[in-house]
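The following exercises concern the pockets of one structure. Each task is followed by a worked solution.

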Amino acid sequence: MATDTLTPSVDETTGDQVLRATRPDQRHRRGVGRWFVLAAAALFALLMLAPFVIMLLNAFKSPAEYSQDGPLSWPTHLYFDGVVAFWERVDFPQKLLNSIWISAAVAIGGTLLSLLNAYAIGVGRVKGRLWIIMLFLLANMLPQEALVYPLFTMAQQVGLSNSQWSVIIIFTVIQSAFGTYLLSSVLGTFPPALLEAAALDGATRWQILWKIVFPVVRPTLSVLMIFFFIWTWNEFFIPLVMLTTNDTQTIPIALASLQGDRMMDATTTNAGALVSLVPAVIFFLIFQRTLTRGVTAGAVK
């Protein structure tokens, strides 16, 4: 017969340390459950990493070796001509600067516009705020295919055809729709007493926004800015339609240009995907701590 053992623990109500009786079979079941969860997480991680491993293998493989041994074989020697061919064929430095400029402008502009909209809706308490929020939510659900023709026509009429500003303006509005929906819900629960005290002290609405509201929602804004940058970096359809010349296009369009109508250079495509992935990974590593702090900021009161 299994005997109970006394395990020290902390009482959640009083905070005092108490001794609780636990059975060995209970601890064994908990340990087995943890191993199952760990095994499932490791399997999921391997499935997620599999495409990147295949891309890495084929990026440094010659076309002849790819055709002979297939995509899952290990390269016998490192083949760098695919990387060089992609770099020179698409003018990668120019595409990189275009992607950084468009993504950064959209991230900053979309976050600022989201803050101003949400401040008016959530704190300003405009009439019909619920319907306005629903309108912003509906804007996020519209497919880009339904928007691209009127957007392209308007860009031509205002003289922004084949201009990066057309893409920046479009995605700033699209991304800010999601940001406004998110921030308006956060600012709707902002303590009114704090705002009233600032108004009694003579603070203007602009001062209340930047000196009281902004420091509180700054972690959320940092997360939005990172998401807007990544989402804009990966956009393909609207930039493909709006940007028609080689000197204005972005990295996703450069990758698509490697595929022809009847054939595709698989090794060059994999090399291009690998080179294009490096800036995004560097960006994520730089802002990883900012993203983590922003996500967990609301968990601690």
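Helices (H or I, at least four residues) and strands (E, at least two) are DSSP runs, numbered from the N terminus. The model is predicted: local features need pLDDT of at least 70, side-chain atom pairs count only at pLDDT 80 or more, and totals for chains, interfaces and linings use all residues. Residues are numbered from 1 along each chain as its sequence is written, and side-chain values use heavy atoms, with hydrogens and water left out.

**Exercise 1.** Describe the largest pocket and its lining.

Step 1. On a 1 Å grid over the protein atoms alone, a pocket is an open set of points where a 1.4 Å probe fits, with protein on both sides within 12 Å along at least five of seven lines; lining residues have an atom within 4 Å of a point. A volume is the space filled by probe spheres set on the points, which are joined across faces, edges and corners.

Step 2. The largest pocket holds about 490 Å³ of space. Its lining comprises 22 residues, of which Leu147, Leu151, Ile170, Val173 and Ile174 are the closest to the centre.

Step 3. Helices H5 (129-141), H6 (144-157) and H7 (164-187) each supply at least two lining residues; H7 gives the most, eight.

**Exercise 2.** Describe the second largest pocket likewise.

Step 1. Its volume is about 310 Å³. Among its 15 lining residues, Trp233, Asn234, Ser276, Leu277 and Ala280 are the closest to the centre.

Step 2. H12 contributes the largest share of this lining, six residues.
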